[in-house]
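Subject: Structure handover

Hi,

Here is the structure I promised to pass on. Please load it before reading further; my notes follow below.

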Amino acid sequence: MGTWECYRTDVTGVSCYSSKDLLNWKFEGIVLPAVKDDEKHDLHPSKVLERPKVIYNEKTKKFVMWAHVESADYSKACAGVAVSDSPTGTFTYVGSFRPNGAMSRDPKQCSLMITARHISSTRRKTTLPYI
């Protein structure tokens, strides 16, 4: 069995834990830190970053973190993207956007976007450069 990574969020950023047996977990550190000195930044502690998911992009050889990014009043509704050479970080924040111009509330949809990338790109002339 390989190594499992688990990600959680709080006001300090996104933390990573790893386990080889799913029973014993090791804290790997803050893999995507909050940006405390810029109140307009998506990663500022006053904003909401939830439900991070990490996938591996075979083409770029990068680990890509997708997350639900929100304003404090939940009106932003975007997908946030960060990349890293390792699943245990550190991740570099790329930015946030609304996929195909639609509100994004849950990054589990990214799995569907990856599966349907060709269909989505063909139908809507949309590119998803991180997947």
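Let me start with one residue. Tyrosine 74 is partly exposed, because its relative accessibility is 37%. The residue sits in the loop between β5 (62–70) and β6. Its phi is near 60 degrees, a positive value in a residue other than glycine.

Alanine 77 belongs to that loop between β5 and β6 as well. Its phi is positive too, near 50 degrees, and alanine 77 is not a glycine either. Is alanine 77 buried or exposed? It has a relative accessible area of 0%, so it counts as buried.

One more backbone point. The peptide bond from glycine 89 to threonine 90 is cis, with omega near 5 degrees. Threonine 90 is in the loop between β6 (78–84) and β7 (92–97).

Confidence

Bear in mind that this is a predicted model. Mean pLDDT for the protein chain is 82, and 79% of the residues score at least 70. Which elements mark the two ends of the range? Strand β3 (residues 26–33) has the highest mean pLDDT, 96. Helix α2 (residues 117–124) has the lowest, 38. Over residues 111–128, pLDDT stays under 50. The model has 16 contacts beyond four places in sequence for that stretch.

Overall layout

The protein chain has two helices and seven strands. Along the sequence the order is β-β-β-β-β-β-β-α-α. Of the 131 residues in the protein chain, 37% are buried. Take the contacts between residues at least 6 apart in sequence: 33% of them join residues at least 24 apart.

The three-stranded sheet

Three strands make an open sheet, ordered β1-β2-β3, with antiparallel pairing. Its edge strands are β1 (4–10) and β3, each of which pairs on one side only. From one strand to the next, the twist averages 25 degrees.

Now the pairs. β1 and β2 run antiparallel, with seven bridges between them. A hairpin of two residues links β1 to β2. Across this pair, arginine 8 is opposite serine 15 in β2. Tyrosine 7 is opposite cysteine 16 in β2.

On the other side, β2 (residues 13–19) and β3 pair over six bridges, again in the antiparallel sense. Cysteine 16 has glycine 29 as its bridge partner in β3. Glycine 13 stands opposite proline 33 in β3. The hairpin of β2 and β3 has six residues between the strands. In that hairpin, leucine 22 takes a positive phi near 65 degrees.

β2 is mostly covered, with six of its seven residues buried.

The cysteines

How many disulfides does a search of the whole structure find? Zero. Cysteine 6 is in no disulfide, and the nearest cysteine sulfur to it belongs to cysteine 16. Why is there no bond from cysteine 16 to cysteine 6? The two sulfurs are 7.8 Å apart, which is too far for a bond, because a disulfide needs the sulfur atoms within 2.5 Å.

The two cysteines also sit in unlike surroundings as far as accessibility goes. Cysteine 16 has 0% relative accessibility, so it is buried. Cysteine 6 has a relative accessible area of 36%, so it is partly exposed.

Asparagine 57

Last item. Asparagine 57 lies in strand β4 (residues 48–57). Is it buried or exposed? At 7% relative accessibility, asparagine 57 counts as buried, because the cut-off for buried is under 20%. What does its side chain approach? A polar atom of the asparagine 57 side chain lies 2.8 Å from the backbone nitrogen of lysine 59.

To recap the points to look at on screen:

- the positive phi values at tyrosine 74 and alanine 77;
- the cis peptide bond from glycine 89 to threonine 90;
- cysteine 16, with tyrosine 7 opposite and glycine 29 as its bridge partner in β3;
- asparagine 57 and the backbone nitrogen of lysine 59;
- residues 111–128, where pLDDT stays under 50.

Best wishes

Definitions and conventions: Residues numbered from 1 in each chain as written. Predicted model: local features only at pLDDT ≥ 70, side-chain atom pairs only at ≥ 80, totals over all residues. Heavy atoms only, no water. pLDDT = per-residue confidence, 0-100. Helix = DSSP H or I, 4+ residues; strand = E, 2+ residues; numbered from the N terminus. Contact = heavy atoms within 4.5 Å. Buried < 20%, exposed > 50% of the residue type's maximum accessible area, 1.4 Å probe, protein only. Polar contact = N/O pair within 3.5 Å; in protein donor to acceptor, adjacent residues only side chain to side chain. Pairing = 2+ DSSP bridges. Axes fitted to C-alpha atoms, helices over the stretch in contact; angles between N-to-C directions.
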